[in-house]
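Here's a quick walk through a ligand site and the space around it. Have the structure open while you read.

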Amino acid sequence: MEKTIITCALCGAETTREDNPNLPITPRELAESAQKAYEAGASIMHLHVRKEDGTPTMDPDVFGEAKELIEEKTPAIVQFSTGGAVGMSLEERIAPLELRPEMATLTTGTVNFGKDVFFNPPEYIEALARRMQELGVKPEIEVFEAGMIKNALFFQKKGLVSDPLHFDLVMGVPGGIPADVRDLVYLVESLPQDSTWSVAGVGRHELRLGTVALVMGGHVRVGFEDNIFYHRGELAESNAQLVERIARLSKELGRDVASPDEAREILKVNYPRR
Ligand code: KMH
Ligand code: ZN
């Protein structure tokens, strides 16, 4: 089977230091966490950034600083979030793309998100996809609900996202698709043949669905954005600890872990790293 691409979702927008005191927040902390995650086997860093007080921001200056520091410390692919936090405007969410990360996320539909709504109307999707295409940024299509796959194909037909598509199946968000294995199988069977995919199981589902994905030939996302625990009731010490475990499982199951350059090859990330 193909090597496993491990994505590390370093901090997200929702996890707080109260949830887990080991959460990296500043660009320097994010880069240090990324370095250890890279050494443990991660080849993509899914990046959100925070203000100094820990609240989420889409400030391009903060994204730029974090990107630069991560790229100094690791050869990993830096993947910007364009989802940000619920309630952010399109203008805020699109702005960091001008920094031309190698990859960025693209959520192809609106979904309830706990008590909130993660708002992604067609005009947002179109604007984000178009700008990514213009700048040569490879989208990772974030799927929180089954209908988002079909919607991604609609934008592909319009010529706004290019083949081969890469999907991240985000499962177990309250309001989104549940994290059952049958749901994962259904989502994977709904993807275009030539596409690639990873799974991001939320909370306790991270390890279980990640392991199933390894067996199915998919790729895996782990990290504090999705899960703060190592075991039930035991907080994870670091992002690297979560990466290390899924890397170990992958190797035990006969799949080596992809380096960043191997990940670029598998995903057809064309944009040359600067
Ligand atoms: N924080 C969520 C509302 C993305 O990174 O693009 C959206 C999210 C998806 O995390
Ligand atoms: Zn995210």
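What volume does the largest pocket have? In this predicted model, the figure comes out at about 580 Å³. Of the 30 residues lining that pocket, E14, F113, V173, E225 and D226 are the closest to its centre. As for the character of the lining, it splits into 12 nonpolar, 12 polar and six charged residues.

So what takes up the largest pocket? That would be ligand 1. Look around the ligand and you'll find E14, H46, H48, S81, T82, G83, G84, V86, T105, F113, F118 and E225. Sorted by type, this shell has three nonpolar, seven polar and two charged residues. E14, F113 and E225 turn up in the shell, and they're also among the residues closest to the pocket centre.

Now for some polar contacts, with the atoms on each side:

| Residue | Protein atom | Ligand 1 atom | Distance |
|---|---|---|---|
| E14 | polar side-chain atom | nitrogen | 2.7 Å |
| G84 | backbone N or O atom | nitrogen | 2.8 Å |
| E225 | polar side-chain atom | oxygen | 3.0 Å |

How much of ligand 1's accessible area does the protein cover? On its own, ligand 1 has 300 Å² of accessible area, and the protein covers 98% of that.

To pull it together: E14 reaches a ligand nitrogen through its side chain, G84 lies by a ligand nitrogen with a backbone atom, and E225 has a polar side-chain atom 3.0 Å from a ligand oxygen.

Notes: Residues are numbered from 1 along each chain as its sequence is written. Chains are lettered from A and ligands numbered from 1 in the order in which they are written. This is a predicted model: local features need pLDDT of at least 70, side-chain atom pairs count only at pLDDT 80 or more; totals for chains, interfaces and linings use all residues. Side-chain values use heavy atoms; hydrogens and water are left out. A residue is near a molecule or strand if one of its heavy atoms lies within 4 Å of it. A polar contact is a pair of N or O atoms within 3.5 Å; within protein, one must be able to donate a hydrogen and the other to accept it, and residues adjacent in sequence count only if both atoms are side-chain atoms. Accessible areas come from the Shrake-Rupley method with a 1.4 Å probe; for residues, only the protein chains shown count as cover. On a 1 Å grid over the protein atoms alone, a cavity is a set of points where a 1.4 Å probe fits but cannot get out, and a pocket is an open set with protein on both sides within 12 Å along at least five of seven lines; lining residues have an atom within 4 Å of a point. A molecule sits in a cavity or pocket if more than half of its atoms lie within 2 Å of its grid points. Ala, Val, Leu, Ile, Met, Phe, Trp, Tyr, Cys and Pro count as nonpolar, Asp, Glu, Lys and Arg as charged, and the others, Gly among them, as polar. Grid points are joined across faces, edges and corners, and a volume is the space filled by probe spheres set on the points.
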